[in-house]
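Colleague: I would be grateful for a close look at one helix of this model and at the contacts that surround it. Please take the description outward from that helix, step by step.

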Amino acid sequence: MLNSLWSALPGAVAQGLIWGLMAVGVYITFKILDVADLTVDGSICTGAAVCTVLIIDGKPVAVALIAAVLAGILAGILTGIFHTALGIPAILSGILTQLILWSVNLKILGKANQSVSARAYDVIVSQMQIPKACIVLMIVSIVLIAFLYWFFGTELGCSIRATGCNLNMSRAQGINVNFTKIFGLALSNGIVALSGALLCQYQGFTDINMGRGAIVIGLAAVIIGDAIISHFSSNFVARLSGVILGGIVYYIVYQIVIVLGLDTDLLKMFSALVVALFLGLPYLKSKYSKVKPKKGEKENA
């Protein structure tokens, strides 16, 4: 059993890094912008579909990755327009975009499933070369975290953070909150699409339903990473790194479930329950924790 788990560990790390990148996109909307965005279930597949079609068409991988990110950005902009221009709640805007993207993704692929095997095409990550894939994905993660650290220190980045912290105060300070929401959603879904482009190369195919339940994995990675890192540092870089770590931990647990022979069909249900538990812990803690009276107060009573 231990041998099986050990041999499966590098693959779990590689997948965890890919989904950790997706979770960074979720972190931007969920933690920074304070918006519940369900677009990710569709935009991750959009990134994969665009990347797959361009690679099959003979385009360089770099071009395919850039095009995938741009497609994700457009998906985020659409959600932002639904939310800001039409006044649709953010969660419903994400669902509407997700439904639109299902049809768009199907049109891009031309069919429900498209192969992009490393045996036939030049890809930068593949499960046939897991050590190389892990190195490439770690480099991508470091570059992305460095970029986000720089970006959220700029005036626009600080405006997005301010919008998420206090919408009314940000508006009073002259910040165009509609623009910052749209930009944040675009940035988030661009990163999610990037992870989809890497995922399709790693697994060797793109499926129209590959994004189903992605938001659950993303939230699980965000919450697990936050729970681990918050004990050591509250630094922004540490928190982003924690999200990547959360993705790795999630997929290591996934492999443990497989090795133990448990029913993998129930994994998403367990993930949803874990996410619900972690989301509810702060509320439960505040509700049921008893404040101990100070010595002086007790004596006076």
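Modeller: The expected span of a helix is 1.5 Å times one less than its number of residues. With that in hand, and bearing in mind that this is a predicted model, one may turn to helix H8, which covers residues 177-203. H8 contains 27 residues, and the distance from its first C-alpha to its last is 39 Å, close to the 39 Å expected at 1.5 Å a residue. Most of this helix is covered, since 24 of the 27 residues in H8 are buried. Just after H8 comes Gly204, whose phi is positive, at about 85°.

Two aromatic residues of H8 deserve attention. Phe179 and Phe183 are four residues apart in helix H8, so about one helical turn separates them. An α-helix has 3.6 residues a turn, and residues three or four places apart therefore point the same way. Phe179 is partly exposed, with a relative accessible area of 43%. Phe183 is also partly exposed, with a relative accessible area of 29%.

The ring contacts can now be placed in the setting of the whole structure, where a search finds eight aromatic pairs. In one of them, the rings of Phe151 and Phe152 have centres 5.1 Å apart and planes at 75°; because planes over 60 degrees apart count as edge-to-face, this pair is edge-to-face. Phe151 and Phe152 are both buried. Phe179 and Phe183 form another aromatic pair, with 5.9 Å from centre to centre and 50° between the planes, and this pair is tilted. Ring pairs join these residues into a cluster made up of Phe147, Trp150, Phe151, Phe152, Phe179, Phe183 and Phe236. The two H8 residues Phe179 and Phe183 thus belong to that cluster. One member of the cluster, Phe236, also has a charged neighbour: the charged end of Arg161 sits over the ring of Phe236, 5.5 Å from the ring centre.

H8 also takes part in a pocket. The largest pocket has a volume of about 360 Å³. It is lined by 14 residues, of which Trp19, Ile217, Tyr251, Tyr254 and Lys268 are the closest to its centre. The elements that give two or more residues to this lining are H1, H8, H10 and helix H11 (267-288). The largest share, three residues, comes from H10.

Two of the helices that line the pocket, H1 and H10, also appear in the salt bridges, of which the structure holds three. In one, the side chains of Asp226 and Lys31 meet at 3.7 Å, N to O. This pair links distant parts of the chain, with Asp226 in helix H9 (residues 214-229), Lys31 in helix H1 (residues 2-32), and their positions 195 residues apart in sequence. Lys31 is partly exposed, at a relative accessible area of 40%. In another, the side chains of Asp226 and Arg239 meet at 2.3 Å, N to O. Asp226 lies in helix H9 and Arg239 in helix H10 (residues 236-259), so this bridge ties together parts that are 13 residues apart in sequence. Arg239 is partly exposed, with a relative accessible area of 24%. Lys31, Asp226 and Arg239 are thereby linked in a network of salt bridges. A further salt bridge brings together the side chains of Asp57 and Lys59 at 2.8 Å, N to O. Asp57 counts as exposed at 52% relative accessibility, whereas Lys59 counts as partly exposed at 36%.

Two further positions complete the account. Leu137 is found in helix H5 (residues 130-151) and counts as buried, at 0% relative accessibility. Leu137 and Leu17 are 120 residues apart in sequence, yet their C-alpha atoms are 6.3 Å apart in space. Asp34, by contrast, is exposed, with a relative accessible area of 56%. Asp34 is found in the loop between H1 and helix H2 (40-56). Most residues other than glycine have a negative phi. Asp34, although not a glycine, has a positive phi of about 60°.

How values were computed: Residues numbered from 1 in each chain as written. Predicted model: local features only at pLDDT ≥ 70, side-chain atom pairs only at ≥ 80, totals over all residues. Heavy atoms only, no water. Buried < 20%, exposed > 50% of the residue type's maximum accessible area, 1.4 Å probe, protein only. Phe/Tyr/Trp six-rings, centres within 6.5 Å; stacked < 30°, edge-to-face > 60°. Lys NZ or Arg CZ within 6 Å of the ring centre and 35° of its normal. Salt bridge = Lys/Arg side-chain N within 4 Å of Asp/Glu carboxyl O. 1 Å grid on protein atoms, 1.4 Å probe; cavity = no way out; pocket = protein on both sides within 12 Å on 5 of 7 lines; lining within 4 Å. Points joined across faces, edges and corners; volume = space filled by probe spheres on them.
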